[in-house]
Amino acid sequence: MTGAGRPQPVSNGTSKPSEVAFNRWELSQILNVYGRKVASGEWRDYAIDFARDKAVFSIFRRTSEVPLYRIEKDPKLARRQGAYSVVAATGQILKRGHDLSRVLRVLDKGLRLVEG
């Protein structure tokens, strides 16, 4: 007998919506960049979120801040602009594309002072 408020078991997983996630190769690519930036002292923490429509790897300078960057995987955009994107804290899309390693290159570029 199950009472009100008790969770009901899900039968064979078919009613559970599937989530978008990063695969092992994608996480390896992301963590390579992340590791280099942690070693240089630029980044300190990360979070991974999986949802029905996208997977997000958020990068933080400090744990209590908003993310500096979000690396997003959105399969619905795979045939258009590409499934992968890097989004800045302001919401600006820095790079979008089909190849994750090329999209991640935007994070490796250092800012340079342009003198006029």
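Q: Why is G91 counted as partly exposed?
A: Its relative accessibility is 41%. Buried needs a value under 20% and exposed one over 50%, so G91, at 41%, falls in between and counts as partly exposed. The model is a predicted one.

Q: Where in the chain is G91 found?
A: G91 is in the loop between β4 and β5. These two strands form a hairpin with 4 residues between them, and in that turn G91 has a positive phi of about 100 degrees. The C-alpha atom of G91 is separated by 8.9 Å from that of Y69, although the two residues are 22 apart along the chain.

Q: What makes β4 and β5 a pair of strands?
A: Pairing requires at least two bridges. Strand β4 (residues 84-88) and β5 have 4 bridges in the antiparallel sense, so they qualify as a pair. Two of the partnerships can be named: V86 has K95 as its bridge partner in β5, and S85 stands opposite R96.

Q: How do you know that β3 pairs with β4?
A: The same test of at least two bridges applies. Strand β3 (residues 69-73) is joined to β4 by 5 bridges, and the strands run antiparallel; the count meets the requirement, and therefore they pair. Across this pairing, E72 stands opposite S85 in β4.

Q: What makes β1 and β5 the edge strands of the sheet?
A: The sheet is open and has 5 strands in the order β1-β2-β3-β4-β5, paired antiparallel. β1 (45-50) and β5 (93-97) each pair on one side only, and they are the edge strands. On average, neighbouring strands of this sheet are turned by 15 degrees against each other, direction ignored.

Q: How do you know that β4 is mostly covered?
A: Of its 5 residues, 5 are buried, and buried means under 20% relative accessible area. Y84, V86 and A88 point one way from the strand while S85 and V87 point the other way, and all are buried. For the chain, buried residues make up 27% of the 116 residues.

Q: Which residues have the most contacts inside the largest nonpolar core?
A: They are I30, W43, F57, I71, L104 and L107, in a core of 17 residues. Each of α1 (24-39), β2 (55-60), β4 and α2 (100-108) supplies at least two residues. The most comes from α2, with 4 residues. In soluble globular proteins, nonpolar side chains tend to be buried together.

Q: Which residues is F57 in contact with, leaving aside neighbours within four places in sequence?
A: Contact means heavy atoms within 4.5 Å. On that basis F57 is in contact with F22, I30, L31, Y34, Y46, A47, I48, Y69, R70 and I71. F57 also belongs to an aromatic cluster with Y34, W43, Y46 and Y69. A search of the whole structure finds 5 aromatic pairs.

Q: Why is the charged end of K37 said to sit over the ring of W43?
A: The distance from the charged end of K37 to the ring centre of W43 is 5.9 Å. The cut-off is 6 Å, with a further limit of 35 degrees from the ring normal. The distance is within the cut-off and the pair is listed as sitting over the ring, so the term applies.

Q: What elements does the chain have, and in what order do they run?
A: There are 2 helices and 5 strands. From the N terminus on, the elements run α-β-β-β-β-β-α.

Technical notes: Residues are numbered from 1 along each chain as its sequence is written. This is a predicted model: local features need pLDDT of at least 70, side-chain atom pairs count only at pLDDT 80 or more; totals for chains, interfaces and linings use all residues. Side-chain values use heavy atoms; hydrogens and water are left out. Axes are lines fitted to C-alpha atoms, for helices over the stretch in contact, and angles run from 0 to 180 degrees between N-to-C directions. Rings of Phe, Tyr and Trp (its six-membered ring) pair if their centres lie within 6.5 Å; planes under 30 degrees apart count as stacked, over 60 as edge-to-face and the rest as tilted. A nonpolar core is a set of buried Ala, Val, Leu, Ile, Met, Phe, Trp, Tyr and Cys residues joined through side-chain atoms within 4.5 Å. Buried means under 20% relative accessible area, exposed over 50%, partly exposed in between (1.4 Å probe, protein chains only).
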